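This report covers a pocket lining, one helix and one strand pairing. The sequence and model are shown first.

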Amino acid sequence: MYDKLVNVNDNQNQNQTRKGGNSKMPVEVVACMLADKNSWKRLQFQLILQCAPLFKGYKVACITNVRREDMRNMHLLLNGTGICYRALTFCRDKYLVLLYRPAQLKTYLKQPEVKTFLADYGYEENSLEKVLERLSLRVREHSKNEIEFPHEIGIFLNYPLEDVRGFIEHKGQDSLFCGYWKVYHDPEKAKLTFWTYDKAKDCAVNEFLAGKTIREIVA
């Protein structure tokens with residue numbers, strides 16, 4: 001169910017902090033900022049917290065959940081950053097939103113292995129817009145209980161192809177370990193990537209707390 005994805009996404013960063021990884025961010029700070037009654041400030045912090053690796057140039061895309069009332073501020077917050085967004089579906093008063101760097105995502109999805117993998121799930125168009133339309137359709141079909149969750153979304157989020165395949169083949173079980181995604185291949189490389197993402201998150205949050213805007217934080 002899509003509502004499970006909402007819960008996982010909303011709690012992801014707090015759970016990672018509790019696991020102790022490289023991030024030094026106190027759980028109390030995260031909880032306080034995400035509960036801020038100022039919707040403009042809350043949304044900024046949420047995007048920075050959950051999309052820091054994208055903002056700092058380490059990923060081509062990320063996903064987050066945005067409240068219905070906050071969607072009107074997305075364009076204003078991302079204007080001038082070079083980052084676009086697309087609502088994939090809507091459920092329980094929240095949008096599942098994909099944020100991405102258009103040119104980089106388009107180049108990434110054109111890699112032969114990636115393109116071949118996605119073709120098995122009906123992604124046959126070459127334009128980025130058409131590919132994202134297909135992704136949105138499959139996520140919406142899942143939210144209506146018509147299909148199981150489209151786990152190929154991991155490809156769009158820069159998860160290694162081998163780990164996306166492993167997750168699908170093992171039905172999410174028997175991973176080597178779990179961080180930003182479930183790892184089935186090359187754990188040492190994954191740990192280094194997780195460390196990089198943690199550092200990006202710490203850096204972006206500290207910049208925000210020091211008064212920088214999202215436009216100033218995006219690399």
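The lining of the second largest pocket divides into five nonpolar, three polar and four charged residues. Here Ala, Val, Leu, Ile, Met, Phe, Trp, Tyr, Cys and Pro count as nonpolar, Asp, Glu, Lys and Arg as charged, and the others, Gly among them, as polar. The model is predicted: local features need pLDDT of at least 70, side-chain atom pairs count only at pLDDT 80 or more, and totals for chains, interfaces and linings use all residues. Residues are numbered from 1 along each chain as its sequence is written, and side-chain values use heavy atoms, with hydrogens and water left out.

The volume of this second largest pocket is about 260 Å³. Among its lining residues are Y58, W181, H185, D186 and K189. With four residues, α10 gives the most to this lining, and both α9 and α10 supply at least two residues.

In helix α5, L105, Y108 and L109 are buried (under 20% relative accessible area, 1.4 Å probe, protein chains only). They lie on the same side of α5 because they cover an arc of only 90 degrees around the axis, taken from the directions from the helix axis to the C-beta atoms. A103 and T107, on the face turned away, are exposed (over 50%).

These elements are among those covering the buried residues of α5 (contact: heavy atoms within 4.5 Å):

| Element | Residues |
|---|---|
| β3 | 94–100 |
| α6 | 112–119 |
| α7 | 128–143 |
| α8 | 153–156 |

Strand β3 also runs antiparallel to β1, joined by seven bridges; T64 stands opposite V97 in β3. Six of the seven residues of β1 are buried.

Terms used
Pairing = 2+ DSSP bridges. 1 Å grid on protein atoms, 1.4 Å probe; cavity = no way out; pocket = protein on both sides within 12 Å on 5 of 7 lines; lining within 4 Å. Points joined across faces, edges and corners; volume = space filled by probe spheres on them.
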